[in-house]
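Student: Please walk me through this structure one feature at a time. For each feature, I would like the general idea and then the case at hand.

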Amino acid sequence: MKFLKLIGFGHLLLLAFSQFIFKYGFLDYQPGLTLTLNDANYTLLVLASVLIAAGGFLITNITSKGSAGFGLSESAAYYIYGGLTISGLVIGYYLSNLIGRPSFMIAFAIPVGTLYFYSTNLRESFILGNITIAFLMALSVMIIGIFAIYPVFGASDKVQLATIFGLITDHSIFTLVLGLLVTLLNDLKNTDADYNEGLNTLPIAIGKKRTVKITFVIGLIAAVMLLYYINEYLRELLWALGYCLLFILGPLVYLLINILSAKTSKDFSALEVVIKAILLFTALSATIITFNIRYHA
């Protein structure tokens, strides 16, 4: 159990679920769309993402909390980190060469380098660490378009591919904003513990009240973005429209109403759970949209 916590097992499940749902609940239902990766290779793409993310969670936890609390020696923890990370990179190298784009290996190398640098340096730098984690969350969505769609741009319907790639890009940007919310709420929740560890998170640097106001503004930006996406893509899709209003915009409004009055770690922890639920519902929205188009358009 301690090891699962060490590698952020819950987050890994959400990551894998989001990537699988995008393929089997959305991409596979697009008429005439041929993906670069078959089912087995797409599963390898997800596996590589999960292994690299697991390595990132592990190195972050052992550099901040030590490995002893998780029942591991420091050397064992670093061996496991190396095994997870190298395995992810090897799979990434294989996939990059499989699609004839060796340079795409950078899409795996960037998260590895960034996560290691974050765990050893950026955790002590306010806001840069938040942006880094949010960017990597967005990249986990964008990598689907990079590997599964972009390489076939010259051989398929460019208008259709551009539309799908644009949807993935919008999804990635929205995930980035939600990622910022998650990291800021986590910092607000752990302010006292981070202060005792000598970290320099945003609440420590500028105070909780100002950080709460920044979090509110970012939440408002997320709500405005969602309303734009709804108006742009979902006006004629009533089921998808209702789903997004109820399960994504609704929790965002709940966050905006409650964030300014939140004060305790328990308050911020509850709001962090709300944002994680929004991430889950956002991933599921691709399937709801597909279902609406096929059966109730």
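Tutor: Happy to. A cavity is a set of grid points where a 1.4 Å probe fits but cannot get out, and its lining residues have an atom within 4 Å of a point. Keep in mind throughout that this is a predicted model.

Student: How many cavities of 30 Å³ or more does the structure hold?

Tutor: Rolling a probe the size of a water molecule over the atoms shows where empty space is left. Here the search gives one cavity of 30 Å³ or more, and the volume of this largest cavity is about 30 Å³.

Student: Which residues line the largest cavity?

Tutor: The lining consists of S18, Q19, F22, S140, V141, I144 and H171. Helices α2 (9-24) and α6 (128-148) are the elements that give two or more residues to it. By class, three of the lining residues are nonpolar, four are polar and none is charged.

Student: Now for open space. What is the volume of the second largest pocket?

Tutor: A pocket, unlike a cavity, is an open set of points. The second largest pocket holds about 500 Å³ of space. It is lined by 23 residues, of which F26, L167, Y233, L234 and I289 are the closest to its centre.

Student: Which helices each supply at least two residues of that lining?

Tutor: Those are α7 (158-189), α10 (208-233), α11 (238-259) and α12 (265-296). Helix α7 gives the largest share of the lining, seven residues. As for chemistry, the lining of the second largest pocket counts 16 nonpolar residues, six polar ones and one charged one.

Student: Before going further, where in the chain is confidence lowest, and where highest?

Tutor: Read pLDDT as the predictor's confidence in each residue. The chain has a mean pLDDT of 88, with 93% of its residues at 70 or more. Helix α8 (residues 191-196) has the lowest confidence, with a mean of 81, while α11 has the highest, at 96.

Student: Let us move to charged pairs. How many salt bridges does a search of the whole structure find?

Tutor: Four. Start with K189 and E272, whose side chains meet in a salt bridge at 2.9 Å, N to O. K189 belongs to helix α7 and E272 to helix α12, so this pair ties together parts that are 83 residues apart in sequence.

Student: Are K189 and E272 buried or exposed?

Tutor: The two partners fall into separate classes, with 20% relative accessible area as the upper limit for buried. K189 is partly exposed, having a relative accessible area of 22%, and E272 is buried, at 4%.

Student: What other salt bridge does E272 form?

Tutor: The side chain of E272 also meets that of K276, at 3.6 Å from N to O. Helix α12 contains both K276 and E272, which are four residues apart, about one turn of the helix. K276 counts as partly exposed, because its relative accessibility is 29%. Elsewhere, K23, D28 and D39 are joined into one network by salt bridges that share partners.

Student: How far apart are the closest N and O atoms of K23 and D28?

Tutor: They are 3.1 Å apart in this salt bridge. K23 is buried, at 3% relative accessible area, whereas D28 is partly exposed, at 38%.

Student: Last topic: contacts. Which residues does L252 touch, not counting those up to four places away in sequence?

Tutor: Leaving out such sequence neighbours is useful for seeing what the fold brings together. L252 sits in helix α11 and is buried, with 0% relative accessibility. Its contacts beyond four places in sequence are F174, L181, G219, A222, A223, L226 and I278. For a backbone view, take L252 and L220: they are 32 residues apart along the chain, and 8.1 Å separates their C-alpha atoms.

Student: And what is D187 in contact with, leaving aside its neighbours within four places in sequence?

Tutor: D187, a residue of helix α7, is in contact with N130, D194, T201 and P203. At a relative accessible area of 10%, D187 counts as buried because the class covers values under 20%.

Conventions
Residues numbered from 1 in each chain as written. Predicted model: local features only at pLDDT ≥ 70, side-chain atom pairs only at ≥ 80, totals over all residues. Heavy atoms only, no water. 1 Å grid on protein atoms, 1.4 Å probe; cavity = no way out; pocket = protein on both sides within 12 Å on 5 of 7 lines; lining within 4 Å. Points joined across faces, edges and corners; volume = space filled by probe spheres on them. Nonpolar A, V, L, I, M, F, W, Y, C, P; charged D, E, K, R; others polar. pLDDT = per-residue confidence, 0-100. Buried < 20%, exposed > 50% of the residue type's maximum accessible area, 1.4 Å probe, protein only. Contact = heavy atoms within 4.5 Å.
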